[in-house]
Amino acid sequence: MSEQRVRFRDIKPYSIVDSLDELTGPSAGQITLPVDVHWSGPRSTFDVQDRDDLQQAYQSILSNGRREHLVEFLHKDLLLTVWPVLALDRRVLDLWCDRFPEIAAIQREF
């Protein structure tokens, strides 16, 4: 008999917003993420105008953030811009694509 392996990523709860219009976080400047959102790496402050910083910050926020973090740190236009290059768990991708047709359209392009 084979055992079915349950991985944390398969049961981890992910947060989402009801509308992309709720994502009114900074579109310029820096954001400092709390340790419960971004715990890996030597720093927690990111420049949202730097593409690599934006990608790293948004991956952490989408993967680990609660709803209040999404609203506080994500910006709708920046999310749509960086979405194609985000390295996210399949469950996160599906959650956001299922909820938001504009994100699903971007996902299909790549």
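Biologist: What share of the 110 residues of the protein chain counts as buried, and what makes a residue buried here?

Modeller: In this predicted model, 38% of the 110 residues count as buried. The label applies because such a residue has under 20% relative accessible area.

Biologist: How much accessible surface does the protein chain have, and what part belongs to carbon and sulfur atoms?

Modeller: The accessible surface comes to about 6,700 Å², and carbon and sulfur atoms hold 48% of it.

Biologist: Which helices and strands are there, and in what pattern?

Modeller: The protein chain has 6 helices and 2 strands. Along the sequence they follow the pattern α-β-β-α-α-α-α-α.

Biologist: Why is the protein chain called as compact as a globular protein of that length?

Modeller: Its radius of gyration is 14 Å, and the globule rule gives 13 Å for 110 residues; the two values are close, so the protein chain is as compact as a globular protein of that length. Along the principal axes, the C-alpha trace spans about 55 × 35 × 25 Å.

Biologist: How are the contacts spread along the sequence?

Modeller: Take contacts between residues at least 6 apart in sequence: 63% of them join residues at least 24 apart.

Biologist: Where is confidence lowest, and where is it highest?

Modeller: Helix H1 (residues 8–11) has the lowest confidence, with a mean of 72, while helix H3 (residues 67–73) has the highest, at 98. The protein chain averages a pLDDT of 91, and 94% of the residues score at least 70. Where pLDDT is low, the predicted coordinates should not be read in detail.

Terms used. Residues are numbered from 1 along each chain as its sequence is written. This is a predicted model: local features need pLDDT of at least 70, side-chain atom pairs count only at pLDDT 80 or more; totals for chains, interfaces and linings use all residues. Side-chain values use heavy atoms; hydrogens and water are left out. pLDDT is the predictor's confidence in each residue, from 0 to 100. Helices (H or I, at least four residues) and strands (E, at least two) are DSSP runs, numbered from the N terminus. The radius of gyration is taken over C-alpha atoms; the globule rule is 2.2 Å times the number of residues to the power 0.38. Buried means under 20% relative accessible area, exposed over 50%, partly exposed in between (1.4 Å probe, protein chains only). Contact means heavy atoms within 4.5 Å. Accessible areas come from the Shrake-Rupley method with a 1.4 Å probe; for residues, only the protein chains shown count as cover.
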